[in-house]
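Hi there,

Here is the structure I promised to pass on to you. Have a look at it first, and then read on for my notes.

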Amino acid sequence: MTFRIRHAFLIPLGLLCLEVLALLASCLWFDEPLAKSLILGFMILPVLVLFAESLLRQARFDDETIEVRKLLRRKRLRFADITAVESILIKKRAFITLCACDDDYLILSNAYADFPRLVRLLLARVPASSISAEATALAADPPSKSSDIVSCWLAALLLGFILYAQLKSHLGAALPL
């Protein structure tokens, strides 16, 4: 069983990446000031890293282990080795922490698609004695979070408007509106 980050977040984030790249390309093409291109260049890095990290992130379950894959790294825990399952809820952002031994842990959030199912599968496979009351309560009523999706769409709309204005100023009547 594999869980990935929600498509509803990846789509506007991917669009945002394309818009930032298009804006940088237009700045270079139209010979805009170097400072503007540098600012966009620095802005691209975290957006691209966040997109790549979100696109590649996945939690995989099998009968004995959970493995979380991220950009350039992966971590695996055996269910039998998990000594504590804790959860925390901050506004509508939920985090599940799986601890094994002294310093081995995984953190999962409700950014994953079908998070309620992920939590139920997880709690069904770990030792019952390791599950906190908060984690049990979270499994009974997992929150859904959409503010990150809304924020990402707003950023994509804003950057789309900026890109349109940039192109309109250089191409003039060739663009509608």
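There are two aromatic pairs in this structure, which is a predicted model. In one of them, Phe3 and Phe61 meet edge-to-face, with 5.7 Å from centre to centre and 80° between the ring planes. This pair links distant parts of the chain: Phe3 belongs to strand 1 (residues 2–4) and Phe61 to strand 2 (residues 58–61), 58 residues apart.

Are these two rings buried or exposed? Phe3 has a relative accessible area of 3%, so it counts as buried, the cut-off being under 20%. Phe61 is buried as well, because its relative accessibility is 5%.

The other pair is made by Phe61 and Phe79. Their ring centres are 6.0 Å apart and their planes are at 20°; planes under 30 degrees apart count as stacked, so this pair is stacked. Phe61 sits in strand 2, while Phe79 is in the loop between strand 4 (73–78) and strand 5, so the pair ties together parts that are 18 residues apart in sequence. Phe79 is buried, as is Phe61. Taken together, Phe3, Phe61 and Phe79 make up one aromatic cluster.

Another ring to look at is that of Tyr105. Which residue has its charged end over this ring? It is Lys75, whose charged end sits 4.7 Å from the centre of the Tyr105 ring.

Now for the sheet. Three strands form an open sheet in the order 5-6-7, and their pairing is antiparallel. Strand 5 (82–90) and strand 7 (104–109) are the edge strands, each pairing on one side only. From one strand to the next, the twist averages 15°.

If you zoom in on strand 5 and strand 6 (residues 93–100), you will find that they run antiparallel and are joined by eight bridges. Glu86 is a handy place to start, as it stands opposite Thr97 in strand 6.

Which helix packs on the sheet and touches strand 5, strand 6 and strand 7? That is helix 3 (residues 115–125), and its direction makes about 25° with that of strand 6. Helix 4 (residues 133–140) lies across strand 5 and strand 6, and runs at about 60° to strand 5.

Happy browsing, and do write back with any questions.

Best wishes

Notes. Residues are numbered from 1 along each chain as its sequence is written. This is a predicted model: local features need pLDDT of at least 70, side-chain atom pairs count only at pLDDT 80 or more; totals for chains, interfaces and linings use all residues. Side-chain values use heavy atoms; hydrogens and water are left out. Two strands pair if DSSP finds at least two bridges between them. Helices (H or I, at least four residues) and strands (E, at least two) are DSSP runs, numbered from the N terminus. Axes are lines fitted to C-alpha atoms, for helices over the stretch in contact, and angles run from 0 to 180 degrees between N-to-C directions. Contact means heavy atoms within 4.5 Å. Rings of Phe, Tyr and Trp (its six-membered ring) pair if their centres lie within 6.5 Å; planes under 30 degrees apart count as stacked, over 60 as edge-to-face and the rest as tilted. Buried means under 20% relative accessible area, exposed over 50%, partly exposed in between (1.4 Å probe, protein chains only). A charge sits over a ring if NZ of Lys or CZ of Arg is within 6 Å of the ring centre and within 35 degrees of the ring normal.
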